[in-house]
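Reader: I would like to know how the labels given to a structure are justified. Could you go through some of them with me?

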Amino acid sequence: MKDLSKSAEAVQASTTLAIDSLYKQMKADGIDVIGFGAGEPDFNTPENVKEAGIQAIRDNFTKYTPAAGMMPLREAVCRRLKEDCDLDYKPSQVVVASGAKHNVYIALRTLVNPGDEVILPAPYWVSYLELIKMVGGVPVIVETTEADGFKIKPEKLAAAITPKTKCIIFNNPSNPTGMVYTKADLEPLAKLCVENEVYIIADEIYYGLLYDGLEFTSFAALGEDVKEITILINGVSKSYAMTGWRVGYAVANEKIAKIMSNFLSHSTGAPSSISQRAAVEALVGPQEAVGSMRQSFEERRDYLVNRMNQIEGVSCIKPEGAFYVMMNMEKLVGKTLHGMEIHGSDDFASAFLKYGLVATVPCSGFGAPNYVRWSYATSMEHIKEGLDRLEKFLKEG
(Lines give C-alpha, C1' and ligand atoms only; values in the text may rest on other atoms or scores of the structure.)
Protein backbone atom coordinates (compact mmCIF):
# COMPACT_ATOMS: atom_id res chain seq x y z
CA MET A 1 0.00 0.00 0.00
CA LYS A 2 1.10 3.57 -0.66
CA ASP A 3 2.07 5.83 2.21
CA LEU A 4 -0.58 7.79 4.04
CA SER A 5 -0.47 11.55 4.47
CA LYS A 6 2.65 12.54 6.41
CA SER A 7 0.90 15.55 7.91
CA ALA A 8 -2.06 13.44 9.04
CA GLU A 9 0.18 10.77 10.58
CA ALA A 10 2.02 13.48 12.51
CA VAL A 11 -1.14 14.57 14.38
CA GLN A 12 -1.03 13.43 18.00
CA ALA A 13 -4.09 12.27 19.93
CA SER A 14 -5.46 14.69 22.52
CA THR A 15 -4.18 13.90 26.00
CA THR A 16 -7.42 15.24 27.52
CA LEU A 17 -9.53 12.83 25.48
CA ALA A 18 -7.13 9.93 26.08
CA ILE A 19 -7.34 10.29 29.86
CA ASP A 20 -11.10 10.75 29.75
CA SER A 21 -11.47 7.69 27.52
CA LEU A 22 -9.48 5.52 29.92
CA TYR A 23 -11.42 6.87 32.88
CA LYS A 24 -14.74 6.07 31.20
CA GLN A 25 -13.56 2.55 30.35
CA MET A 26 -12.57 1.92 33.98
CA LYS A 27 -15.91 3.26 35.10
CA ALA A 28 -17.71 1.00 32.61
CA ASP A 29 -15.75 -1.91 34.03
CA GLY A 30 -17.26 -1.19 37.43
CA ILE A 31 -14.17 0.43 38.99
CA ASP A 32 -14.89 3.21 41.48
CA VAL A 33 -13.01 6.02 39.71
CA ILE A 34 -13.56 9.78 39.85
CA GLY A 35 -12.84 11.91 36.81
CA PHE A 36 -11.43 15.43 36.68
CA GLY A 37 -10.40 15.22 33.04
CA ALA A 38 -12.63 16.47 30.25
CA GLY A 39 -13.43 20.17 30.04
CA GLU A 40 -17.20 20.37 29.96
CA PRO A 41 -19.72 21.63 32.51
CA ASP A 42 -21.53 18.99 34.53
CA PHE A 43 -24.72 21.06 34.38
CA ASN A 44 -27.56 20.35 31.98
CA THR A 45 -28.30 22.65 29.07
CA PRO A 46 -30.83 25.28 30.29
CA GLU A 47 -34.46 24.26 29.77
CA ASN A 48 -35.33 27.20 27.51
CA VAL A 49 -32.44 26.30 25.23
CA LYS A 50 -33.45 22.64 25.06
CA GLU A 51 -37.03 23.65 24.27
CA ALA A 52 -35.81 25.84 21.41
CA GLY A 53 -34.04 22.82 19.93
CA ILE A 54 -37.09 20.62 20.35
CA GLN A 55 -39.31 23.26 18.78
CA ALA A 56 -36.96 23.48 15.80
CA ILE A 57 -37.57 19.78 15.15
CA ARG A 58 -41.34 20.22 15.53
CA ASP A 59 -41.16 23.13 13.08
CA ASN A 60 -39.28 20.91 10.63
CA PHE A 61 -36.37 23.31 10.77
CA THR A 62 -34.08 20.53 9.60
CA LYS A 63 -32.66 21.77 6.30
CA TYR A 64 -29.32 23.27 5.33
CA THR A 65 -28.49 26.78 6.45
CA PRO A 66 -25.93 29.16 4.90
CA ALA A 67 -22.35 27.89 5.33
CA ALA A 68 -21.48 30.67 7.78
CA GLY A 69 -24.60 30.03 9.86
CA MET A 70 -28.18 31.24 9.70
CA MET A 71 -28.78 34.97 9.91
CA PRO A 72 -30.71 35.00 13.24
CA LEU A 73 -27.76 33.29 14.94
CA ARG A 74 -25.20 35.66 13.47
CA GLU A 75 -27.37 38.57 14.60
CA ALA A 76 -27.60 37.01 18.07
CA VAL A 77 -23.81 36.78 18.23
CA CYS A 78 -23.52 40.47 17.40
CA ARG A 79 -26.07 41.35 20.07
CA ARG A 80 -24.32 39.28 22.75
CA LEU A 81 -20.89 40.75 21.91
CA LYS A 82 -22.33 44.25 22.12
CA GLU A 83 -24.00 43.63 25.48
CA ASP A 84 -21.12 41.75 27.07
CA CYS A 85 -18.02 43.28 25.47
CA ASP A 86 -19.23 46.59 23.96
CA LEU A 87 -18.12 45.38 20.53
CA ASP A 88 -19.81 46.39 17.29
CA TYR A 89 -19.86 43.78 14.55
CA LYS A 90 -22.12 43.07 11.58
CA PRO A 91 -23.63 39.64 10.91
CA SER A 92 -21.50 39.43 7.76
CA GLN A 93 -18.43 39.36 10.04
CA VAL A 94 -19.66 36.29 11.95
CA VAL A 95 -18.77 32.73 10.93
CA VAL A 96 -20.53 29.87 12.71
CA ALA A 97 -18.83 26.46 12.78
CA SER A 98 -18.99 23.14 14.60
CA GLY A 99 -17.50 24.32 17.88
CA ALA A 100 -14.84 26.83 18.88
CA LYS A 101 -12.07 24.34 18.08
CA HIS A 102 -13.33 24.12 14.50
CA ASN A 103 -13.22 27.91 14.29
CA VAL A 104 -9.60 27.98 15.51
CA TYR A 105 -8.69 25.52 12.77
CA ILE A 106 -10.46 27.54 10.08
CA ALA A 107 -8.86 30.75 11.37
CA LEU A 108 -5.42 29.17 11.10
CA ARG A 109 -6.26 27.86 7.63
CA THR A 110 -7.20 31.38 6.63
CA LEU A 111 -4.09 33.08 8.03
CA VAL A 112 -1.20 30.64 7.85
CA ASN A 113 0.93 29.62 4.89
CA PRO A 114 3.35 26.69 5.23
CA GLY A 115 6.40 27.88 7.14
CA ASP A 116 4.67 30.81 8.83
CA GLU A 117 5.38 31.08 12.54
CA VAL A 118 2.59 31.05 15.09
CA ILE A 119 3.39 32.23 18.62
CA LEU A 120 1.88 30.04 21.32
CA PRO A 121 2.23 30.95 25.01
CA ALA A 122 2.72 27.91 27.26
CA PRO A 123 0.93 26.37 29.06
CA TYR A 124 -1.45 26.08 26.10
CA TRP A 125 -4.55 24.07 25.30
CA VAL A 126 -3.30 20.82 23.84
CA SER A 127 -5.14 21.17 20.50
CA TYR A 128 -3.53 24.50 19.58
CA LEU A 129 -0.14 22.92 18.98
CA GLU A 130 -1.54 20.21 16.73
CA LEU A 131 -3.80 22.63 14.83
CA ILE A 132 -0.82 24.85 14.01
CA LYS A 133 1.08 21.85 12.67
CA MET A 134 -1.95 20.65 10.71
CA VAL A 135 -1.99 23.82 8.61
CA GLY A 136 1.77 23.76 8.01
CA GLY A 137 2.58 26.45 10.55
CA VAL A 138 5.66 26.49 12.79
CA PRO A 139 4.78 26.71 16.49
CA VAL A 140 6.91 29.16 18.46
CA ILE A 141 6.43 28.24 22.11
CA VAL A 142 6.89 31.06 24.62
CA GLU A 143 7.19 29.82 28.19
CA THR A 144 5.34 31.56 31.00
CA THR A 145 5.87 30.95 34.69
CA GLU A 146 3.70 30.36 37.71
CA ALA A 147 5.38 33.38 39.32
CA ASP A 148 4.03 35.54 36.48
CA GLY A 149 0.56 34.03 36.79
CA PHE A 150 1.16 32.01 33.61
CA LYS A 151 0.81 35.19 31.54
CA ILE A 152 3.10 36.11 28.67
CA LYS A 153 5.05 39.30 29.33
CA PRO A 154 5.55 41.97 26.63
CA GLU A 155 9.32 41.50 26.55
CA LYS A 156 8.91 37.76 25.92
CA LEU A 157 6.42 38.39 23.14
CA ALA A 158 8.71 40.99 21.54
CA ALA A 159 11.63 38.54 21.62
CA ALA A 160 9.54 35.84 19.91
CA ILE A 161 8.41 37.97 16.95
CA THR A 162 10.36 37.51 13.73
CA PRO A 163 9.71 38.45 10.08
CA LYS A 164 8.08 35.02 9.71
CA THR A 165 5.56 35.58 12.51
CA LYS A 166 2.02 35.48 11.15
CA CYS A 167 -0.15 35.29 14.26
CA ILE A 168 -0.41 34.52 17.97
CA ILE A 169 -3.03 32.46 19.78
CA PHE A 170 -4.38 33.86 23.04
CA ASN A 171 -6.77 31.91 25.26
CA ASN A 172 -8.36 34.21 27.80
CA PRO A 173 -9.47 32.97 30.31
CA SER A 174 -6.97 30.17 29.85
CA ASN A 175 -7.28 26.45 29.55
CA PRO A 176 -5.41 24.87 31.35
CA THR A 177 -4.30 27.57 33.82
CA GLY A 178 -7.60 29.36 34.46
CA MET A 179 -5.73 32.67 34.55
CA VAL A 180 -7.23 35.88 33.13
CA TYR A 181 -5.53 38.68 31.19
CA THR A 182 -6.75 42.08 32.38
CA LYS A 183 -6.99 45.15 30.17
CA ALA A 184 -3.66 46.33 31.57
CA ASP A 185 -2.10 42.96 30.69
CA LEU A 186 -3.46 43.02 27.14
CA GLU A 187 -2.68 46.58 26.08
CA PRO A 188 1.13 46.27 25.67
CA LEU A 189 0.70 42.90 23.95
CA ALA A 190 -1.83 44.37 21.52
CA LYS A 191 0.52 47.27 20.80
CA LEU A 192 3.28 44.86 19.82
CA CYS A 193 0.94 42.92 17.54
CA VAL A 194 -0.23 46.08 15.77
CA GLU A 195 3.31 47.43 15.35
CA ASN A 196 4.55 44.13 13.91
CA GLU A 197 1.42 43.28 11.89
CA VAL A 198 0.85 40.06 13.83
CA TYR A 199 -2.68 38.67 13.63
CA ILE A 200 -4.37 37.68 16.88
CA ILE A 201 -6.51 34.59 17.29
CA ALA A 202 -8.28 35.38 20.55
CA ASP A 203 -10.02 32.30 21.93
CA GLU A 204 -12.43 33.74 24.50
CA ILE A 205 -14.70 30.71 24.92
CA TYR A 206 -14.54 30.98 28.74
CA TYR A 207 -15.21 34.71 28.96
CA GLY A 208 -18.53 34.18 30.77
CA LEU A 209 -16.79 32.33 33.59
CA LEU A 210 -14.79 34.90 35.57
CA TYR A 211 -14.66 35.04 39.36
CA ASP A 212 -14.03 37.41 42.25
CA GLY A 213 -15.92 40.18 40.47
CA LEU A 214 -13.38 40.45 37.64
CA GLU A 215 -14.47 42.23 34.49
CA PHE A 216 -13.62 40.70 31.13
CA THR A 217 -11.81 42.68 28.45
CA SER A 218 -11.97 41.30 24.93
CA PHE A 219 -8.84 41.65 22.81
CA ALA A 220 -10.88 43.28 20.06
CA ALA A 221 -12.11 45.96 22.47
CA LEU A 222 -8.64 47.54 22.74
CA GLY A 223 -9.06 49.73 19.66
CA GLU A 224 -10.05 49.63 16.00
CA ASP A 225 -6.50 48.86 14.89
CA VAL A 226 -6.43 45.85 17.20
CA LYS A 227 -9.92 44.77 16.19
CA GLU A 228 -8.91 44.78 12.52
CA ILE A 229 -6.20 42.15 13.06
CA THR A 230 -8.12 40.03 15.59
CA ILE A 231 -10.18 36.92 15.01
CA LEU A 232 -12.40 36.38 18.04
CA ILE A 233 -13.29 32.78 18.82
CA ASN A 234 -16.24 31.95 21.02
CA GLY A 235 -19.28 29.71 21.30
CA VAL A 236 -22.04 28.39 23.52
CA SER A 237 -20.40 25.22 24.84
CA LYS A 238 -18.90 26.36 28.15
CA SER A 239 -21.10 29.17 29.48
CA TYR A 240 -24.36 27.49 28.46
CA ALA A 241 -23.42 23.82 29.05
CA MET A 242 -23.91 23.02 25.36
CA THR A 243 -20.76 21.09 24.49
CA GLY A 244 -22.58 18.38 22.54
CA TRP A 245 -24.61 20.85 20.48
CA ARG A 246 -21.39 21.79 18.61
CA VAL A 247 -21.87 25.49 17.92
CA GLY A 248 -18.94 27.89 17.94
CA TYR A 249 -18.38 31.16 16.15
CA ALA A 250 -15.60 33.41 14.93
CA VAL A 251 -15.83 37.15 14.37
CA ALA A 252 -13.35 39.04 12.20
CA ASN A 253 -12.97 41.71 9.56
CA GLU A 254 -15.04 41.28 6.39
CA LYS A 255 -12.26 39.82 4.25
CA ILE A 256 -11.22 37.20 6.81
CA ALA A 257 -14.83 36.27 7.55
CA LYS A 258 -15.53 35.79 3.84
CA ILE A 259 -12.54 33.49 3.37
CA MET A 260 -13.48 31.48 6.46
CA SER A 261 -17.02 31.17 5.13
CA ASN A 262 -15.75 29.97 1.76
CA PHE A 263 -13.61 27.36 3.48
CA LEU A 264 -16.62 26.11 5.42
CA SER A 265 -18.76 25.92 2.31
CA HIS A 266 -16.42 23.33 0.80
CA SER A 267 -15.67 21.35 3.95
CA THR A 268 -18.27 20.85 6.66
CA GLY A 269 -20.90 23.48 5.97
CA ALA A 270 -22.74 24.97 8.94
CA PRO A 271 -23.59 23.09 12.15
CA SER A 272 -26.96 21.40 12.64
CA SER A 273 -29.88 23.75 12.01
CA ILE A 274 -31.45 22.47 15.23
CA SER A 275 -28.35 23.33 17.25
CA GLN A 276 -28.27 26.77 15.68
CA ARG A 277 -31.85 27.46 16.76
CA ALA A 278 -30.95 26.42 20.30
CA ALA A 279 -27.85 28.63 20.23
CA VAL A 280 -29.97 31.65 19.29
CA GLU A 281 -32.06 31.10 22.41
CA ALA A 282 -28.92 30.69 24.52
CA LEU A 283 -27.50 34.01 23.35
CA VAL A 284 -30.63 36.18 23.35
CA GLY A 285 -32.74 34.44 26.01
CA PRO A 286 -32.51 34.74 29.81
CA GLN A 287 -28.93 34.70 31.09
CA GLU A 288 -29.62 33.70 34.70
CA ALA A 289 -28.39 30.14 34.16
CA VAL A 290 -24.93 31.46 33.26
CA GLY A 291 -24.71 33.35 36.53
CA SER A 292 -25.90 30.34 38.51
CA MET A 293 -23.28 28.06 36.95
CA ARG A 294 -20.59 30.67 37.49
CA GLN A 295 -21.44 30.91 41.18
CA SER A 296 -21.25 27.14 41.61
CA PHE A 297 -17.91 27.01 39.78
CA GLU A 298 -16.52 29.74 42.02
CA GLU A 299 -17.52 27.88 45.18
CA ARG A 300 -15.94 24.68 43.89
CA ARG A 301 -12.77 26.53 42.88
CA ASP A 302 -12.40 28.07 46.33
CA TYR A 303 -12.70 24.71 48.07
CA LEU A 304 -10.39 22.92 45.65
CA VAL A 305 -7.64 25.54 45.83
CA ASN A 306 -7.75 25.93 49.61
CA ARG A 307 -7.75 22.20 50.24
CA MET A 308 -5.09 21.36 47.63
CA ASN A 309 -2.67 23.87 49.12
CA GLN A 310 -2.96 22.11 52.47
CA ILE A 311 -1.75 18.79 51.05
CA GLU A 312 1.98 18.17 51.38
CA GLY A 313 3.89 17.74 48.15
CA VAL A 314 1.53 19.61 45.84
CA SER A 315 0.31 23.19 45.40
CA CYS A 316 -1.58 25.47 43.01
CA ILE A 317 -2.26 29.11 42.37
CA LYS A 318 -5.83 30.41 42.39
CA PRO A 319 -7.32 30.59 38.89
CA GLU A 320 -9.46 33.58 37.98
CA GLY A 321 -11.65 32.05 35.29
CA ALA A 322 -12.68 28.93 33.33
CA PHE A 323 -12.97 25.78 35.48
CA TYR A 324 -9.46 24.36 35.80
CA VAL A 325 -6.73 24.22 38.43
CA MET A 326 -3.11 23.52 37.51
CA MET A 327 -1.63 21.41 40.29
CA ASN A 328 2.13 21.85 40.71
CA MET A 329 3.68 18.42 41.42
CA GLU A 330 7.34 19.22 40.74
CA LYS A 331 8.25 18.29 44.34
CA LEU A 332 7.23 14.74 43.50
CA VAL A 333 9.53 14.45 40.47
CA GLY A 334 12.23 11.86 41.15
CA LYS A 335 10.24 10.16 43.89
CA THR A 336 8.58 6.75 43.79
CA LEU A 337 4.84 6.45 44.36
CA HIS A 338 3.25 3.02 44.70
CA GLY A 339 6.25 1.45 43.00
CA MET A 340 6.26 3.88 40.07
CA GLU A 341 9.08 6.38 39.59
CA ILE A 342 7.68 9.83 38.86
CA HIS A 343 9.55 11.59 36.05
CA GLY A 344 6.76 14.08 35.30
CA SER A 345 3.03 14.60 34.96
CA ASP A 346 2.45 11.58 32.72
CA ASP A 347 3.83 9.22 35.32
CA PHE A 348 1.95 10.95 38.11
CA ALA A 349 -1.40 10.91 36.28
CA SER A 350 -0.94 7.25 35.36
CA ALA A 351 -0.10 6.24 38.93
CA PHE A 352 -2.87 8.38 40.40
CA LEU A 353 -5.46 6.80 38.10
CA LYS A 354 -4.19 3.26 38.71
CA TYR A 355 -3.63 3.44 42.46
CA GLY A 356 -5.59 6.48 43.57
CA LEU A 357 -8.57 5.88 41.25
CA VAL A 358 -8.66 9.52 40.19
CA ALA A 359 -8.37 10.74 36.59
CA THR A 360 -6.56 14.03 36.05
CA VAL A 361 -4.89 15.39 32.93
CA PRO A 362 -1.09 15.40 32.63
CA CYS A 363 0.03 18.79 31.39
CA SER A 364 2.97 17.49 29.38
CA GLY A 365 0.71 17.92 26.36
CA PHE A 366 0.03 21.50 27.45
CA GLY A 367 3.70 22.49 27.61
CA ALA A 368 3.88 22.15 31.41
CA PRO A 369 5.40 18.74 32.25
CA ASN A 370 5.42 19.20 36.03
CA TYR A 371 1.72 20.00 36.36
CA VAL A 372 -1.55 18.13 36.18
CA ARG A 373 -4.89 19.74 35.42
CA TRP A 374 -7.96 19.27 37.56
CA SER A 375 -11.33 20.31 36.16
CA TYR A 376 -13.81 21.48 38.77
CA ALA A 377 -16.68 21.08 36.35
CA THR A 378 -17.92 18.31 38.60
CA SER A 379 -19.84 18.07 41.86
CA MET A 380 -18.53 19.32 45.18
CA GLU A 381 -18.98 15.77 46.48
CA HIS A 382 -16.60 14.47 43.82
CA ILE A 383 -14.12 17.27 44.47
CA LYS A 384 -14.00 16.47 48.18
CA GLU A 385 -13.63 12.74 47.54
CA GLY A 386 -10.98 13.33 44.88
CA LEU A 387 -8.89 15.39 47.25
CA ASP A 388 -9.32 12.79 49.98
CA ARG A 389 -7.96 10.24 47.54
CA LEU A 390 -5.07 12.54 46.59
CA GLU A 391 -4.09 12.92 50.22
CA LYS A 392 -4.31 9.16 50.78
CA PHE A 393 -2.42 8.40 47.54
CA LEU A 394 0.48 10.63 48.54
CA LYS A 395 0.63 9.47 52.15
CA GLU A 396 0.55 5.78 51.29
CA GLY A 397 2.86 6.12 48.26
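Author: A residue is called buried under 20% relative accessible area, exposed over 50%, and partly exposed in between. The model here is predicted.

Reader: What makes Asp302 count as partly exposed?

Author: Asp302 has 25% relative accessibility. Partly exposed covers what lies between under 20% and over 50%, so Asp302 counts as partly exposed.

Reader: Why is the pair of Asp302 and Lys318 called a salt bridge?

Author: The closest N and O atoms of Asp302 and Lys318 are 3.6 Å apart. The cut-off is within 4 Å, so the pair qualifies as a salt bridge. Asp302 sits in helix 12, and Lys318 in the loop between helix 12 and strand 9 (324–328).

Reader: Why is Arg300 called buried?

Author: The relative accessible area of Arg300 is 8%. Buried means under 20%, so Arg300 is buried. Arg300 forms a salt bridge with Asp42, their closest N and O atoms being 2.9 Å apart. Asp42 lies in the loop between strand 1 (34–35) and helix 3 (47–58) and Arg300 in helix 12 (residues 288–308), so the salt bridge ties together parts 258 residues apart in sequence.

Reader: How do you know that Glu385 and Arg389 are separated by about one helical turn?

Author: Both residues are in helix 14 (residues 380–396), 4 residues apart, which means about one helical turn. They form a salt bridge. Glu385 is partly exposed at 32% relative accessibility, whereas Arg389 is buried at 12%.

Key:
Residues are numbered from 1 along each chain as its sequence is written. This is a predicted model: local features need pLDDT of at least 70, side-chain atom pairs count only at pLDDT 80 or more; totals for chains, interfaces and linings use all residues. Side-chain values use heavy atoms; hydrogens and water are left out. A salt bridge is a side-chain nitrogen of Lys or Arg within 4 Å of a carboxyl oxygen of Asp or Glu. Helices (H or I, at least four residues) and strands (E, at least two) are DSSP runs, numbered from the N terminus. Buried means under 20% relative accessible area, exposed over 50%, partly exposed in between (1.4 Å probe, protein chains only).
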